[in-house]
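Work through the exercises below with the sequence and the model at hand. Each task is followed by a solution in steps.

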Amino acid sequence: MPQITAVMIDSREPEWVQKLKFGGIPATVTMLDTGDVLAVTDDGHTLIVERKTPDDFLNTLKEDRLFPQIARMVQVRNMQQATGQAVTHWPYLVITDMFKSTPDGKVITDRGVTGWSFASLMGTLLSIQEMGVYVVFCNGQNDYQDAVLRIGKRNRTTEMK
């Protein structure tokens, strides 16, 4: 089972993220071009993790910043695939809570009922996965560190690619 051996945390992340210890794995805070966390595994892969709260996800989508972020996350991986190289970059979107729906299909977040359609939101998440970014939900910010560690333990075999 692979393990994370080093972590880089984006310097624009909140202080609570910058202070995460990832089980004692060497971590550094620096400005990242892509993602909020880069994690290197002992099997030679780089995990690109973008962290979003449900409200942040919706705001980024509303401001037309979400899909450019997603496109940057898959850029190296797509180049590796196109040139026949081994795939070493694995992009993940970690959403730090579940989206909920009202009976009439509106999205509920911590700030309450939004004007967003739950069906449209699910379509957006599917589009992100179709672009090659794996969508993972964790149980709030207290589970974020463990979610990254769980992702790091995933096998990335040729059959998986």
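**Exercise 1. The lining of the pocket**

Task: Find how many nonpolar, polar and charged residues are in the lining of the largest pocket.

Solution. The model is a predicted one. Step one is the lining by class: three residues are nonpolar, three are polar and eleven are charged. Step two is the space itself, since the lining belongs to the largest pocket, with a volume of about 310 Å³. Step three is the list of residues: 17 line this pocket, and those closest to its centre are Asp10, Glu13, Asp36, Glu50 and Gln69. Step four is to place the lining on the chain: β4 (46-52) and α3 (66-82) are the elements that give two or more residues to it.

**Exercise 2. The sheet of six strands**

Task: Write down the order of the six strands in the open sheet, and say which are the edge strands.

Solution. Step one: the order is β2-β1-β3-β4-β5-β9, and the pairing is mixed. Step two: β2 and β9 (134-137) are the edge strands, as each pairs on one side only. Step three: from one strand to the next, the twist averages 25°.

**Exercise 3. Partners within this sheet**

Task: Determine whether strand β1 runs parallel or antiparallel to β2, then to β3, and follow the pairing on to β4.

Solution. Step one: β1 and β2 (residues 27-30) run parallel and are joined by four bridges. Here Asp10 is found opposite Thr30 of β2. Asp10 is also among the residues closest to the centre of the largest pocket. Step two: β1 (residues 4-10) and β3 (residues 37-41) run antiparallel, with five bridges between them. Ile9 has Val37 of β3 opposite. Step three: β3 and β4 are antiparallel too, joined by four bridges. Val37 is placed opposite Val49 in β4.

Step four adds the helices. α3 packs on the sheet and touches β4, β5 (89-95) and β9, its direction making about 155° with that of β5. α4 packs on the sheet as well, touching β5 and β9, and its direction makes about 130° with that of β9.

**Exercise 4. The sheet of three strands**

Task: State the order of the three strands in the other open sheet, and find which helix lies across them.

Solution. Step one: the strands come in the order β6-β7-β8, with antiparallel pairing. Step two: β6 (100-101) and β8 (112-117) form the edges, each pairing on one side only. Step three: β7 (residues 106-109) pairs with β8 over three bridges, and Thr109 is opposite Gly112 in β8. Step four: the helix is α4 (residues 118-130), which lies across β6, β7 and β8 and runs at about 65° to β8.

**Exercise 5. An aromatic pair**

Task: Classify the aromatic pair of Trp16 and Tyr144 from the angle between the planes, and locate both residues on the chain.

Solution. Step one: the ring centres are 6.2 Å apart and the planes make 80°. Step two: planes over 60 degrees apart count as edge-to-face, so the pair is edge-to-face. Step three: Trp16 is in helix α1 (residues 15-18) and Tyr144 is in helix α5 (residues 144-152). The pair links distant parts of the chain, 128 residues apart. Step four: the structure holds five aromatic pairs, and this is one of them.

Definitions and conventions. Residues are numbered from 1 along each chain as its sequence is written. This is a predicted model: local features need pLDDT of at least 70, side-chain atom pairs count only at pLDDT 80 or more; totals for chains, interfaces and linings use all residues. Side-chain values use heavy atoms; hydrogens and water are left out. On a 1 Å grid over the protein atoms alone, a cavity is a set of points where a 1.4 Å probe fits but cannot get out, and a pocket is an open set with protein on both sides within 12 Å along at least five of seven lines; lining residues have an atom within 4 Å of a point. Grid points are joined across faces, edges and corners, and a volume is the space filled by probe spheres set on the points. Ala, Val, Leu, Ile, Met, Phe, Trp, Tyr, Cys and Pro count as nonpolar, Asp, Glu, Lys and Arg as charged, and the others, Gly among them, as polar. Two strands pair if DSSP finds at least two bridges between them. Contact means heavy atoms within 4.5 Å. Axes are lines fitted to C-alpha atoms, for helices over the stretch in contact, and angles run from 0 to 180 degrees between N-to-C directions. Rings of Phe, Tyr and Trp (its six-membered ring) pair if their centres lie within 6.5 Å; planes under 30 degrees apart count as stacked, over 60 as edge-to-face and the rest as tilted.
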